[in-house]
Amino acid sequence: MAQEYTLSRRLRELSMNLFWSWQPDVAELFRALNGDLWEKTHHNPVAMLKQMSEADIELRGSDAYLNTRILYAHRRLREYLESDGPLGGLHAGPLNAAPVAYFSAEFGIHECLPIYSGGLGILSGDHLKAASDMDAPLVAVGLLYAHGYFHQWIDTDGIQKERYEANELENLPIRPALSPDGKPIRVTLPMPGRSLTIKVWEVAVGRVRLFLLDTDAPENNADDRILTDRLYGGDEEKRLKQEMVLGIGGLRALREAGIRPVVLHLNEGHCAFALLERARERVQEDGLDFHRAWVETNRQSCFTTHTPVPAGHDRFHADMMEAYLGWMRESLLLDRAGFLGLGRVEPQNDGETFCMTVLCLKGSLRHNAVSNLHGRVSREMWQRLWPNRAVDEIPIGHVTNGVHLPTWMSPVMQRLFERELGRDWELGLAGAELRGKIDNIADGELWETHMLLKRNLVAFVRAALLTQAATRGEKDPKVDDVLDPNLLTIGFSRRFATYKRATLIFEDMDRLRAMLLDPQRPIQLIFAGKAHPKDDPGKRLIKQIFDLSRDPQLRKRLVFVEDYDIGIARQLVRGVDLWLNNPERPLEACGTSGMKVALNGGLNCSILDGWWDEAYDGLNGFAIGGAMVHSDSSVQRGRDAQGLYQALAEQVIPAYYERGGNGTPHAWVRRMKRSMQSLVWRYGAARMVGDYMERFYLPAAGAPSSAD
């Protein structure tokens, strides 16, 4: 007998597919059902519904208007899952039968599934969402971290503190992954003196299946059970074991799920061991010798590198590799030197460690960086792997990152575009005619839409400051005068690595103070971001900002928002006037936060690094300095600081505060329109996934593409 489709069942089905996370009306539906629980559970509908009784759900959902919304949302989900997207059907060729397997160490899809730390994870999450919308044949593999990444709070001395909270699995939008015969999937890995059991979970991300690996199984010893407890935690040995689970365990999990991917896409070097497992399959199952198995693995594999500095690439010592992967070496019919040479630039150099990026570059035919400038940096960095080629001939291209528009563009801005450009505006935005229609949006209407978002941001920040003060035990903090929505609001939020130079704007405090406190044209600054727990210099940057935010003169104009996550990022990128990005060129591989700001009408003010180096056209935002870099980094820092102050004083502040008779800053709005026209279509995740499909996935699968 078929199970009755109650409101409760419909809501639970909605909650278990993260499609809702990029459908604002569905998220608002959950909020309307129980707003207090929605906030209490950190926007987690699975946890929220578990705290409500069936009777309560049915009672609250019986309201005619809410009932209709629930039925409509559930029908939309079912229709979405059953329909074909732009890349489905005939357009994906052999990938329909054997999909791409996309591996990443982290996935940032929504704050209710905390298995990400920052940009790499959010990029991976946007990749899955865009693949789902386009119906690209793709499955994904990651790790289920029992404690995720840390929660951040700042003590009264301005010191970042880390707090790890256990993820309650029953409150996550996950379910046990099942084999074709309906049994929970378990895979095993050889470890020194034992076997490691891996549980496998599945997450529905629209049409995409995401498999997450978890070592917290009763068959494992105590140390192995906490192997996947934290993201980017532990020592070299733990990192090696995690990456074995991800790469080798991940490919085995797909096999147990009945999935035999044609193409492997490795997102950063953490996933490299999947290449060894794929080659091992061909040697052991198909009787190939290693050379032939490696050639075929290479032909069907793609690798994306994100790290422009040598220290950011995982490396392991030879003895550790032999201890943990000697069995793999034997399965591949390789001797020790031959195996270790796969991860070395100089295969016979016994003093060289085993590098995961080198393994990826050797084991895949198609390689890409994540921006045009990053491609040049990567070719120079890895030229030694192709010693007989000139730098420009090194086979590392680029696919510039993109962001998932429905996730990051505010609903009110989306509605404005629908009204002015048509319901399906996103599909045609690459065309000049539709982009031209942006010019026809009334300046006042676009500006008022932006001001609504900024007022929401100010309210959000004030509420966050109250919470932060309570955590520090401060009583009756005054926050209702902090930030003014009418003032030029500048945002900076990202990982607090020193090369990102979060405090560059403080280089001349007298000059900055004058800008913050200018009686006619003041600015205000919102900072957010985390430093790695072991990054003391990064923590000192946070302390510097926090201490300044406590200055009685500056407290209204300078704030630090703690515990940066996707939810906070959504508020910031939607509400700021100006997004500040001032890394040390060329160390920002891409950077995608500024793309999200552009979706919402905010402008970028950035060093010409990463994506901004190729995106800035002189009219769609602001540049800090130029493209030339001094050999002395301290001299360059001084130059960049002066370039930042100059851009603010001579371009940004005048454009913002020059108003027409109706109070609209027309010069500023012209730049907003130019930014949207030139950036929204070009730096979307749909374009990015389309690039990968045409240039990487289809050729790797042996199918023709339009690029051929």
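Is proline 86 buried or exposed? Proline 86 is exposed, because its relative accessible area is 53% and the cut-off for exposed is over 50%. Welcome to this chain, which is shown here as a predicted model. The chain holds 28 helices and 20 strands, and buried residues make up 60% of its 708 residues. The points below go from the whole chain to its cores and then to two individual residues.

**Overall shape and surface**

- The radius of gyration of the chain is 25 Å, which agrees with the value near 27 Å that a compact globule of 708 residues would have.
- Measuring tape in mind, picture a C-alpha trace that spans about 80 × 70 × 55 Å along its principal axes.
- Among contacts with a separation of 6 or more, 72% join residues that are 24 or more positions apart.
- The accessible surface comes to about 27400 Å², and carbon and sulfur atoms account for 50% of that surface.
- There are 85 positive and 94 negative side chains, and the centres of these two sets lie 1 Å apart.

**The nonpolar cores**

- The largest nonpolar core has 140 residues. Those with the most contacts inside this core are Phe103, Met244, Phe273, Leu325, Phe339 and Tyr697.
- Helix α28, which covers residues 685-700, gives the most to this core, with nine residues.
- Apart from the largest core lies another one, of 100 residues. Val479, Ile505, Leu548 and Trp579 are among its members.
- Leucine 325, one of the residues with the most contacts inside the largest core, touches Leu240, Met244, Ile248, Phe273 and Phe339, leaving aside residues up to four places away in sequence.

**A closer look at proline 86**

- You will find proline 86 in the loop between α6 (64-82) and β1 (100-103).
- Not counting residues up to four places away in sequence, proline 86 touches His91, Asp133 and Met134.
- Histidine 127 is 41 residues from proline 86 in sequence, and the two are 15 Å apart in space, C-alpha to C-alpha.

**A closer look at lysine 543**

- Lysine 543 sits in helix α22, which runs over residues 536-549.
- Its relative accessible area is 28%, so lysine 543 counts as partly exposed.
- Beyond residues up to four places away in sequence, lysine 543 touches Asp157, Gly158 and Ile159.
- Lysine 543 and leucine 603 are separated by 60 residues in sequence and by 27 Å in space, C-alpha to C-alpha.

Conventions
Residues numbered from 1 in each chain as written. Heavy atoms only, no water. Core = buried A, V, L, I, M, F, W, Y, C linked by side-chain atoms within 4.5 Å. Buried < 20%, exposed > 50% of the residue type's maximum accessible area, 1.4 Å probe, protein only. Helix = DSSP H or I, 4+ residues; strand = E, 2+ residues; numbered from the N terminus. Contact = heavy atoms within 4.5 Å. Rg over C-alpha atoms; globule rule 2.2 N^0.38 Å. Areas by Shrake-Rupley, 256 points an atom, 1.4 Å probe, with all protein chains shown as cover. Lys, Arg positive; Asp, Glu negative; His and termini not counted. Charge placed at Lys NZ, Arg CZ, Asp CG, Glu CD.
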